[in-house]
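Q: I am new to this structure and would like a close look at a single part of it. Please choose the part, go through it step by step, and then say how it sits in the rest of the chain.

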Amino acid sequence: MKKTQHTADQPGDGSAVGGRLDAALDRRGFTTWPLRVRAAVAVVAVTAVVAGAGVFLVDNLTNAFGPDSVCEGAVSADLLNDALGPGKVSDQAFGNGYLRSGSAFCMAKVSSGVFGNERSVTVELRKNGDLSVVANDAEARLFAASANGGASGAGFDHRAWALLPEACDSGQRITVRADRDNRPGAEKLAALAVSTAGRVASQQGCGTSSMPAPHQLSAAGKDHDLDRNAVCGLPGLTAPAGLGGAALRETVTTSTDPLWTCLIHSDASPRSPITFTIGTEPRLLAPATPKDEPGIGRARWVRPGEMTATCQGRPTTFRMELNGSWSSGPDGDSTWQQFLTAGGKAIGCEPIL
């Protein structure tokens, strides 16, 4: 039997591929070995440039090459990207000391590299001694520890705060605030605040496990007309006649844990609000010693405008800020009695009076 011999044009012979490549180079003018070497070098160089450009873009448009956290390990880069969008993560510290000490704050940033578009949140550890710091949070979407694996705080479209775990000193909360052009949403900012609170607690040595991201946030409080016979939606809390004849509006939280708060304002003077606030989560405030003076029923004064009472075995703080005649006038004591009675009932507290 006659054996078939492969020719240069038949598949399976490497010389065929080489021949076609030589022919292609000849047609393009690379007729000598030095010219062909130069062509190969050019191809390698172009490939390297393309690969380098790809790495550059990935590094500047994403956080693929890290860091995993910023603000001295307190802020998760993944959650920051989730809140602010994709991009390179970085930070800028302000003040002296670590975030965990409360003597400094940090700006956590996400940027799209050569294309700009920098977004940021300011992260801070605050220590609360009274309810004035949350008295205006009537529009908050609240999340309670009992329904969120220990995470407790409040979220808004542009900011959020979360309390440190129970093992830490009370009165500490992490706040995150987006820059003015960004509104990431309450859920994403709340998750970032809770994660940061857990990391700061670990740095303080009072947290051994991270708290899960909150998944049950209350509805936001909405502004509506004031009912003078049921102020802040509390039957029995009435507006004194001397409060004024201007049309009044009120906003009330839709939940009572970790706080309940109501903000009342006049359309004619929105910068002078009246607030009623109840702190129902003991972690919300640093412990306060009641004053050695008569209170109202079981409630005792802790500072001007604030009283404390035990509700269901937990210290609970009531605050009333009335900006003028309502707090110091003849109706002041009567309004406190109504607030302690109606407000205590609303949060499930035993009778205070």
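A: A disulfide is a pair of cysteine sulfur atoms within 2.5 Å of each other. The link between cysteine 168 and cysteine 206 is the part to look at here, in what is a predicted model. The sulfur atoms of cysteine 168 and cysteine 206 are 2.0 Å apart, and the cut-off for a disulfide is 2.5 Å, so this pair counts as one. The angle about its S-S bond is 85°, and the link is right-handed.

Where do the two ends lie along the chain? Cysteine 168 is in the loop between strand 8 (159-163) and strand 9 (172-178). Cysteine 206 is in the loop between helix 4 and strand 10 (223-225). With these positions 38 residues apart, the bond joins distant parts of the chain. Are the two cysteines buried or exposed? Cysteine 168 and cysteine 206 are both buried.

The rest of the chain has further links of this kind. The whole structure contains four disulfides. With the bonded cysteines counted along the chain, the pairing runs 1-2, 3-4, 5-6, 7-8.

Another of these bonds is between cysteine 232 and cysteine 262, again with 2.0 Å from sulfur to sulfur. The torsion about this S-S bond is about -80°, so the disulfide is left-handed. Cysteine 232 belongs to the loop between strand 10 and strand 11 (248-252), while cysteine 262 is part of strand 12 (residues 259-266); they are 30 residues apart. Cysteine 232 has a relative accessible area of 4% and is buried. For cysteine 262 the relative accessibility is 0%, so this residue is buried too.

Cysteine 311 and cysteine 349 also form a disulfide, with an S to S distance of 2.0 Å. This link is left-handed, at -80° about the S-S bond. Cysteine 311 sits in strand 15 (residues 306-311) and cysteine 349 in the segment after helix 6 (332-346), so the bond ties together parts 38 residues apart in sequence. Cysteine 311 and cysteine 349 are buried.

The chain also comes together without a disulfide, as at asparagine 148. This residue lies in the loop between strand 6 (141-143) and strand 7 (153-155). Asparagine 148 has a relative accessible area of 1%; the limit for a buried residue is 20%, so asparagine 148 is buried. Its C-alpha atom is 7.5 Å from that of alanine 213, although 65 residues separate the two along the chain. Setting aside neighbours within four places in sequence, asparagine 148 touches Phe143, Pro212, Pro214, His215 and Gln216. With histidine 215 there is a polar contact as well: a polar side-chain atom of asparagine 148 is 2.8 Å from the backbone nitrogen of histidine 215.

Helix 3 gives another view of the packing. This helix covers residues 77-84, and its buried residues are Ala77, Leu80, Asn81, Ala83 and Leu84. Viewed down the axis of helix 3, these residues fall within an arc of 165°, so they line one face of the helix. An α-helix has 3.6 residues a turn, so residues three or four places apart point the same way. Among the elements that cover the buried residues of helix 3 are strand 3 (88-95), strand 4 (104-111), strand 5 (119-127) and helix 4 (186-204). At the start of helix 3, a side-chain oxygen of serine 76 comes within 3.4 Å of the backbone nitrogen of aspartate 78. Just after the helix, glycine 85 has a positive phi of about 100°.

For the chain as a whole, there are six helices and 16 strands. Of its 353 residues, 42% are buried. Among contacts with a separation of 6 or more, 57% are between residues 24 or more positions apart. The exposed area is about 18,300 Å², with 53% of it from carbon and sulfur atoms.

Some parts of the model call for caution. The average pLDDT of the chain is 83, and 75% of the residues reach at least 70. Residues 1-14 have a pLDDT below 50, and this stretch makes five contacts beyond near neighbours in sequence. Residues 43-58 are also below 50, with five contacts beyond near neighbours in sequence. Where pLDDT is low, the predicted coordinates should not be read in detail.

Conventions:
Residues are numbered from 1 along each chain as its sequence is written. This is a predicted model: local features need pLDDT of at least 70, side-chain atom pairs count only at pLDDT 80 or more; totals for chains, interfaces and linings use all residues. Side-chain values use heavy atoms; hydrogens and water are left out. Buried means under 20% relative accessible area, exposed over 50%, partly exposed in between (1.4 Å probe, protein chains only). Helices (H or I, at least four residues) and strands (E, at least two) are DSSP runs, numbered from the N terminus. The arc is that of the directions from the helix axis to the C-beta atoms. Contact means heavy atoms within 4.5 Å. A polar contact is a pair of N or O atoms within 3.5 Å; within protein, one must be able to donate a hydrogen and the other to accept it, and residues adjacent in sequence count only if both atoms are side-chain atoms. Accessible areas come from the Shrake-Rupley method with a 1.4 Å probe; for residues, only the protein chains shown count as cover. pLDDT is the predictor's confidence in each residue, from 0 to 100.
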